[in-house]
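Hi,

Here is the structure I said I'd pass along. Have a look at it first, and then read on for what turned up in it.

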Amino acid sequence: MIVLGSTSEVAQAFVEKALQEGEKFERVYLFTSNRETTERFARHIDVKFLQQSEIIELDLMKEIDYNRFEKINSELLFCATGYLGEGTEEGLYDNKNTERIIDVNYAKLVPVINYFAHKFESRRSGTIIGLSSVAGDRGRQSNFIYGSAKAAFSAYLSGLRNYLFDKKVHVLTVKPGFMATKMTEGLPLNPKLTATPKQAAEGIFKAYKKQKNVAYVLPIWGIIMMIIRNIPEFIFKKLKL
């Protein structure tokens, strides 16, 4: 199993869920830019599940040497890489903030997934799970830079799913709504619309086993976003969302 963004609480909860459910992995490859945090999780799964793991240092903001990944093979790739950045009011005209949001959530991430997608295609097997966001379903004034990057990522996963279908590789797009994680710490989230990492992992694992194409972590978000997508633009542009 390949995990991109392995410091994510959702990614770690998914790994635990998969191992608890008896999924067998020759090795769990934990890609990270924070080795210290990832080492604690690696020791945890090594002891609790007797699961061999390997930490692979990866910083999307630096040049990537793909030769380091040549011997890595897996049947499952789980991508939880993401960067929320500053919202519109604070960060719209901060070019460094904008560039990092776009790079981490899309521009620098896609080539890494492509690299492993090519391996999956060559073997004609495997599953790719990508965490996108409901923020990508429609641009809203509060965070449309982040939303635009996630919209691009969702479109990429959709196209990749279409491309890899007849190559026997499945692609699952996950669209979390609010989640109680370090990334959203301090934000005023509605508890009824907010999932814990454990809840998210359970929902994602079910979607993975059922080979769903698109899954909202909490089903209510599918309804919410359907309503938001269908608000006429002449009304929507006046809303404070």
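I'll start with the rings: there are 13 aromatic pairs in the structure. Keep in mind that this is a predicted model.

One pair to pull up is phenylalanine 14 with phenylalanine 78. Their ring centres are 4.4 Å apart and the planes meet at 20°, so this pair is stacked; the cut-off for stacking is under 30 degrees. In sequence the two partners are distant, with phenylalanine 14 in helix H1 (residues 9-20) and phenylalanine 78 in strand S4 (residues 76-79), 64 residues apart. Is phenylalanine 14 buried or exposed? Phenylalanine 14 is buried, at a relative accessible area of 0%, and phenylalanine 78 is buried as well, at 0%.

Next, take phenylalanine 69 and tyrosine 115. Here the centres lie 6.1 Å apart and the planes are at 70°, so you get an edge-to-face pair, the cut-off for that being over 60 degrees. This pair also links distant parts of the chain: phenylalanine 69 is in the loop between strand S3 (53-57) and S4, tyrosine 115 is in helix H5 (residues 110-123), and 46 residues separate them. Phenylalanine 69 counts as buried at 0% relative accessibility, whereas tyrosine 115 is partly exposed at 21%. Both rings belong to one aromatic cluster, made up of Phe31, Tyr66, Phe69, Tyr115 and Phe116.

Two rings have a charged side chain over the face, in case you want to look at cation-ring geometry. Arginine 100 sits over tyrosine 83, 5.0 Å from the ring centre. Lysine 167 does the like over tyrosine 163, at 3.9 Å from the ring centre.

Now the salt bridges. How many does a search of the whole structure find? The search comes back with 13 salt bridges. Here are some of them:

- Glutamate 21 and lysine 17 meet through their side chains at 2.9 Å, N to O. Glutamate 21 is partly exposed at 45% relative accessibility, while lysine 17 is buried at 17%.
- Arginine 27 and glutamate 54 form a salt bridge at 4.0 Å, N to O. The pair links distant parts of the chain, as arginine 27 is in the loop between H1 and strand S2 (28-32) and glutamate 54 is in strand S3, 27 residues apart. Both ends are partly exposed, arginine 27 at 27% and glutamate 54 at 32%.
- Glutamate 233 and arginine 138 have their closest N and O atoms 2.5 Å apart. Glutamate 233 lies in helix H9 (residues 233-236) and arginine 138 in the loop between S5 and helix H6 (144-164), so this salt bridge ties together parts that are 95 residues apart in sequence. Arginine 138 is buried, with 13% relative accessibility.

There is also a network: Arg35, Glu39 and Glu57 are joined by salt bridges that share partners.

On to the nonpolar side. The largest nonpolar core has 40 residues, and the ones with the most contacts inside it are Met1, Phe14, Phe78, Ile129, Leu131 and Ile204. So which elements give two or more residues to this core? They are H1, S2, helix H2 (35-49), S4, S5, strand S6 (170-175), helix H7 (197-209) and helix H8 (220-229). H1 supplies the largest share, seven residues.

Phenylalanine 14 from the stacked pair is worth a click here too. Beyond its neighbours within four places in sequence, phenylalanine 14 is in contact with Met1, Leu76, Phe78, Ile129, Ala201, Ile204, Phe205 and Tyr208. Apart from the 40-residue core there is another one, of 28 residues, including Phe31, Ile72, Leu77 and Cys79. Phe31 is also a member of the aromatic cluster mentioned above.

One last residue: threonine 127, in strand S5 (residues 127-131). Threonine 127 is buried, with a relative accessible area of 9%. Not counting residues up to four places away in sequence, threonine 127 touches Glu75, Leu76, Leu77, Phe120, His170 and Tyr208. Leu76 and Tyr208 are on the contact list of phenylalanine 14 as well.

Cheers

Note on methods:
Residues numbered from 1 in each chain as written. Predicted model: local features only at pLDDT ≥ 70, side-chain atom pairs only at ≥ 80, totals over all residues. Heavy atoms only, no water. Phe/Tyr/Trp six-rings, centres within 6.5 Å; stacked < 30°, edge-to-face > 60°. Helix = DSSP H or I, 4+ residues; strand = E, 2+ residues; numbered from the N terminus. Buried < 20%, exposed > 50% of the residue type's maximum accessible area, 1.4 Å probe, protein only. Lys NZ or Arg CZ within 6 Å of the ring centre and 35° of its normal. Contact = heavy atoms within 4.5 Å. Core = buried A, V, L, I, M, F, W, Y, C linked by side-chain atoms within 4.5 Å.
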